[in-house]
Every structure is written in C-alpha cells, then in structure tokens.
Amino acid sequence: MTAPGSADADRVARLAVALAGVARGERTYMEVCGTHTMAVSRFGLRDLLPPGVRLVSGPGCPVCVTAVGDLDVVVALARLPGVVIATFGDLVRVPSSRSSLARERAAGADVRVVYSPADAVELAAAEPDRQFVLAGIGFETTAPTVAGALLLARERGLANFSVLSLHKTMPGALRALLDSGESRIDGFILPGHVSVVTGSDCYRFLPDEYGIGGVVAGFEADDVLEALVMLARQRRPAIEIGYRRAVTAAGNRVAQQLLARVFEPCDAVWRGLGAIPGSGLRLSDEFREYATEERFAVDAGTPVEPAGCRCGEVLRGLIDPPQCALFGRRCTPETPVGACMVSSEGSCAAHYRYRAIDADVGDAANRVEPPGAATDAGTGDAATHGPAAADA
Amino acid sequence: MPDEARILLGHGSGGRLYRDLVHDVFLAHFDDPVLARLDDAAALVSPGRIAFTTDAHVVQPLVFPGGDIGRLAVAGTVNDLATAAARPIGLAAAFVIEEGFEIARLQAICESMAATAAEAPVAIVTGDTKVVQRGAADGLFITTTGVGEITVDHEVSAAATAAGDELLLSGSLGDHALAVLAARGDFRFTLDVRSDCAPLWGLVETALAAGGEALHFMRDPTRGGLATVLAELAEEAHLGIEIDEETLPVSAAVRSACDLLGYDPLSLANEGKMVFAVARRRAADVLGALRGRPEGARAARIGTLTTDHPGRVALRTRYGTRRVVDMPVGELLPRIC
C-alpha cells in the first residue's frame, strides 16, 4: 500500500503544467467525494490550479449529507434505556436540532465508536442484555460492509442488533443537484471508492442527459490533477476512468448482489438537497426484522437547521466554505455549527484545517477550547522557581 | 504476598497490609535511601534554580509494545523537566489502584518504573498509594511529580526564540499513539509499531552541551502532537513557523496506518521525542549531537521561525504547495497517556 502524499513530485509538477496548457477560460469542476475534498486541501492542490479553473465540493461526505431530522432520531434512540448507539466517530460531534451524540453521551447515554460495522456485531454478541443500534451512514462504499455485518448478526442469531439505515446512493444526488438548475458545473471528479463497487456505467446519464463529463479519480495528488487534465481535454462530454487500478465500468458484482439482497431503494432526505426519490437504502423484506424502526418508535420532534449555517449551499457547490459568515468564526472544528465543519471529509473542515497561510479566519483570537478537553494549562510543561525566575 | 496476590481495599488502609505492600512492591523496586526512610516528605538538596512539574497517567491498556504505564509515568515527568533544561533530582509517584488488581502486574509495572528511572537517571524518593473499590478506577492510575535542577543560566522558552531559529525534531512521529491504539485492539489489522516512550534528559543534556545559549526552546510533542507544539510556539513567540513536509520523519508503518484511519501524523502523540529551536549558527552542531545518540538517530531539521505570518504555522508540501498546520480538535484519542 502506498501512503498519502507518496505521489511523485515531478509527475505532479508535470500534470500541473499540462493542466495549464489545456485549460481554457472559466471552468468549474466538482469533486463529489469527501475524500477528494480532503485530498485537495491536504495536498494544497488549489495552489497548482491555473487561473480560471475552480474546484467546488459536492454532496459526497456521508456525515455532512445526513439530514438533521435523521440525527434527531439517532439522538432520541440514544436516550432510550438499554439502547447502545454504535456509530462511526465523526457522527458523534455533529449537532442535531437540540443536542448531539457527544452531549447525550456526557449526559449518560451509551454511545460507542466503532471502526467497522462488524465491530458493532461483536459488541452486541458480548452484551446480550443491551440493544445495539448501528447508525448506518455512507454510500455504496460503506453499505456492503453493513450488509456483511447484518449477515453475520443473523448467522449468530443476535436478537439485540439492529441497523438504522441512513445509507444513500450517489447517482440520484447528482441528478437532483443538476435538476435544481442552480449549480454551474463543467465536469465532475467522480468518487473512486464508491465506483469500485458501482462501476462507472451508473454515471452515463451525466453526459447523455445533461451534457456533462466526468472522470473517476483516485485520491493521490497526481490522480486528482490527472482527472482535471482529462476533463479539460474532453472534446465531448464522456465518463472516463482515471483510477484504472481499482475501478471498472461494471464494478464489483459480488458487492452489488449483496447490496441488492440486503437493501432496497427508498426515498431519502439529504442535508442541502432535500428529499430525493429513490436515493436512500432501507433494509429489504428479508432483513426487515433488523431494521431499528421496526423495534423502536421514537418522537424526534421537528428538525431545526442551525441558524446562519450554509452547509446546504456548500454541499451543492454554490459557495466555498469561507463565503459563509460563520466559517472560522462561530463555526470551527472545536465549536462546529454545521456538519460540514465536523466530518473529517467535510468541505468546511478541509478548508479550515488546511487553509491558506494568509486566510482570514480570526483563528488564534477566537479559538475556544472544546468543553471537557483536558489540556496542560499555561504555556510550558514545567514551572520554574528560583532566584533567576523571580528576576525575570 | 498473601490473599491471592490481589490488591484489597485493606492495602490502602494505612495498616499492616499497606506496610507489606510498600515493602514488598515499592521499596523492593525503588531502591533509594531517601525513599527507604519512609518519611512523609523527602528531603532533597536544592543546588539552585528548580523546575517542578506533575503529570497524571491513565493510559489504557496498561502495557503496550514499547512501554507500559510505569515507563510512561517516569518518562513523562522527566521529559517535562527536561524541557526546562532541568536535570531530574527526584520523583514522587502516587498510585490509585482498583481493588482486585493483581499484585504481580503491579510488580511488573514497578520494575519497569525502576528501570526507566535508572535510565533517566532519577530516584523515586516519595510516593503514596490509594486503593479504590472495584469499578471506581480502571486498574491503575499513576501520577508522578518531579523536581529538577535547571542546568543553564539562559532562558529556555518560547519567549527566547527569534526569527531565523531552526526547528529540530529528535525522531519519528506518531509511534506512541498508534502503538497504544493497536494494543487496545481497536484495529482489525496488525500494526508493527512500538511506542517511543523514553526518558530524554540524556538527549537534552547532549543538545544543551552542543547548543549552549543558542538553544532557545524545547518541548515534547505529546498529546496533540507536533502540530500542537508548533501552533503553541508560534502563538507564544509571536512568530511564524515554516515546516517542510518532506523532512518530517514518519515511519512507513505509521504513514500507512494514518492513511487507513484518517489520522495526521502531525497530530499524534509521542512520548520519546523533543522539539528544539536553535539559533541558526549552532543548529548543525545540535543536530549532529542529537544524531550521535540512539534516541536521536533519526533527528531532522524540520523548519524555521520567521517574521512572516506571526502566530501561524505553514507547511510546505512535497508538491511545493503551502497550507496551515492547526491544532487537532477535541477527543481525538482518549487515554493515550
């Protein structure tokens, strides 16, 4: 396995020159996937783009697109006695309408962070007296691992494991984005990991129906630049694969069959995009008994979007995060207002963490310690006492 | 030790069981004439300016590749003293032990503490033990407090740094944090990483000898990692910092694990590393001296202090692009030390 940032620096430099050579006029490309967003910021790739080429983030960060109303349901479930919420780490700190899983945990709720869905099954097997709810978020990449966990839970006859499926599928979201008519996008950098499962054929509607091309890209600096060069070179819109070491046109049939057996399409609400028909995944009839909603009924109240938060516009690629008045001021990774500032794949978090050195976010003056964070007070590790210190 | 060799509430009572524990475990390992007097306070001779620090250790699990809570407790406090250019004189160790803890495990941890103290070198001169009922603590917590003699006359602090100073780092990043996480069983893959946990007074003494008054600042990048140390230094010194990604020492195993898990090696805790700011004229001397010791074999020059962008840390990537380095946020990895 190669480590991030291991792309050859000369190759990156050559691709930057090539891009400058082929880019014509003003072009806006959307990187759909949160991992791309992070890579672009971490490698500082905006510094290498020619004038006129602009990269905007899309709706491909799973935590970010999870609707506030769905988060409210997770919080309400966390409050039920005997219920354990198992979730990926990022979701814990995302503000819901009136709380967050982090706050619920501090107030006594049992919230466990897992690295993989199978870990949640192990937890449930070890503690049969508690009901484990796996908050399932993510796209076609994560959903097969949740499907695998469900098969495992059934095989082991676990009656205390269920899945709150908030999974979403990507093509429908891109369609909704384009149908809204607000976004001006000249091409898509399509998600590499999702496409390992789905293949690239599912994006054919982009050139066929909307006249917009796309390139499936890997996650190294040279992968992203190469995808931009390929997009800029397209004479007519097409779907191409830049990430040939992992992605095929047809995708991974085994994973697709697993998805089709365990899940079925349903309508889903996306933060920023609203309700999109057929863009969610719920458990199929065969696995319905493992659906959390079949076991617990909760009243999550009316969802309330955080005032002033422009995550929705960020997720539609309409604004860059620094254009939000809250960015870097009221909304920082320490005190996030919106989901895009929480997730490690969120566009706001990526822009903030890896911002340009001269970015104006009033950072040091506004930095707030997270509640409960234990840090060494003061400036040094050791206090010094003595005559010279007293003189100082 | 009677009673199935486990810690009982009675071991914390101050009575006979307590005396047995002190003699059979603590005195047996921490062989020191001052401690052996068992006075309520240790009497030490103060040669001059004193540095004084304390650190609580709650790492989970108690033993991990490359170290354990005992080694960590000694090294952590010795290293905090070392940042003030202070030679460690004496440590106090306070143990909070959960009822039922196996005494053999306590013996092993005390043996490790004694070995680390000998390595530092420093004596454990006083201590305390409390036993809490089952469930009230997770096995064992150790707090160490240290006193050290400041060995230099010049100021060693962020305020003493100046634009043009070079930043040196004594070795690779992220080993401790990932070794502890792997030992916790959090990963579904095996990871061949050992904690770097080590007392660094010897290394610091070498650096001071090579750098003299040109050595302006030292800090150990523990929780929050190098990113936090640099961000704090930039703020406290009212200077900018430029670091070069290509020069940062990170092992291939740590890099790969960070890729999989989404961690940044700059933000991960270390327990056996030191960051130095040295005036440019002496930086090569200090770097050479560091590399002459095993703890500093991978020492590297990682960046410089500048009057540009005061208060901020800029990283130059290997692609020639630049971005900010920020402090990590919140509970990234609890109970890592």
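These legends describe close-up views of a predicted model with chains A and B.

**View 1. Chain A as a whole.** Chain A holds 17 helices and 13 strands. Its radius of gyration is 22 Å, close to the 21 Å that the globule rule gives for 392 residues, so chain A is as compact as a globular protein of that length. Along the principal axes, the C-alpha atoms occupy a box of roughly 75 × 65 × 40 Å. Buried residues make up 52% of the 392. Take the contacts between residues at least 6 apart in sequence: 78% of them join residues at least 24 apart.

**View 2. Domains 2 and 3 of chain A.** The domain assignment splits chain A into domain 1 (9-60 + 172-241), domain 2 (64-169 + 253-295) and domain 3 (311-360). The centres of domain 2 and domain 3 of chain A, taken over C-alpha atoms, are 26 Å apart. Here 10 residues of domain 2 are in contact with 12 residues of domain 3. What is the make-up of the domain 2 side that touches domain 3? Five of its residues are nonpolar, two are polar and three are charged.

**View 3. Helix H11 of chain A.** H11(A) covers residues 221-233, 13 in number. From first C-alpha to last it reaches 19 Å, close to the 18 Å expected at 1.5 Å a residue. Is H11(A) largely enclosed or largely open? Of its 13 residues, 12 are buried, so H11(A) is largely enclosed by the rest of the structure. The buried residues include the charged-type names Asp222(A), Asp223(A) and Glu226(A). Also among them are Val224(A), Leu225(A), Leu228(A), Val229(A), Met230(A) and Leu231(A).

**View 4. The S11–S12 hairpin of chain A.** Strands S11 (residues 263-270) and S12 (residues 274-283) of chain A run antiparallel and are joined by seven bridges. In one pairing, Glu264(A) has Arg282(A) of S12(A) as its bridge partner. Three residues lie between the two strands of this hairpin. Gly272(A), in the turn, has a positive phi of about 90 degrees.

**View 5. The two domains of chain B.** The domain assignment gives chain B a domain 1 (3-150) and a domain 2 (158-325). Their centres, taken over C-alpha atoms, are separated by 28 Å. Contacts link 22 residues of domain 1 to 19 residues of domain 2. On the domain 1 side, helix H3 (69-83), strand S4 (86-98) and helix H4 (103-119) of chain B each supply at least two residues. H3(B) gives the most, with nine residues. This side divides into 12 nonpolar, seven polar and three charged residues.

**View 6. Two cis peptide bonds in chain B.** The bond from Gln60(B) to Pro61(B) is cis, with omega near 5 degrees. Pro61(B) sits in the loop between strand S1 (50-57) and strand S2 (63-64) of chain B. A cis bond also joins Ala120(B) and Pro121(B), with omega about -15 degrees. The loop between H4 and strand S5 (123-132) of chain B holds Pro121(B).

**View 7. Positive phi at Leu38(B) and Ala85(B).** Leu38(B) is not a glycine, yet its phi is positive, about 55 degrees. Leu38(B) lies in the loop between helix H2 (33-36) and S1 of chain B. It has 13 C-beta neighbours inside 10 Å, so Leu38(B) counts as partly exposed. Ala85(B), not a glycine either, has a positive phi of about 60 degrees. Ala85(B) is in the loop between H3 and S4 of chain B. With 27 C-beta neighbours inside 10 Å, Ala85(B) counts as buried.

Key. Residues numbered from 1 in each chain as written. Chains lettered and ligands numbered in written order. Predicted model: local features only at pLDDT ≥ 70, side-chain atom pairs only at ≥ 80, totals over all residues. Domains from an automatic or database assignment. Contact = placed C-beta atoms within 7 Å. Helix = DSSP H or I, 4+ residues; strand = E, 2+ residues; numbered from the N terminus. Rg over C-alpha atoms; globule rule 2.2 N^0.38 Å. Buried ≥ 20, exposed ≤ 12 C-beta atoms within 10 Å, placed from the backbone. Expected span 1.5 Å × (residues − 1). Pairing = 2+ DSSP bridges.
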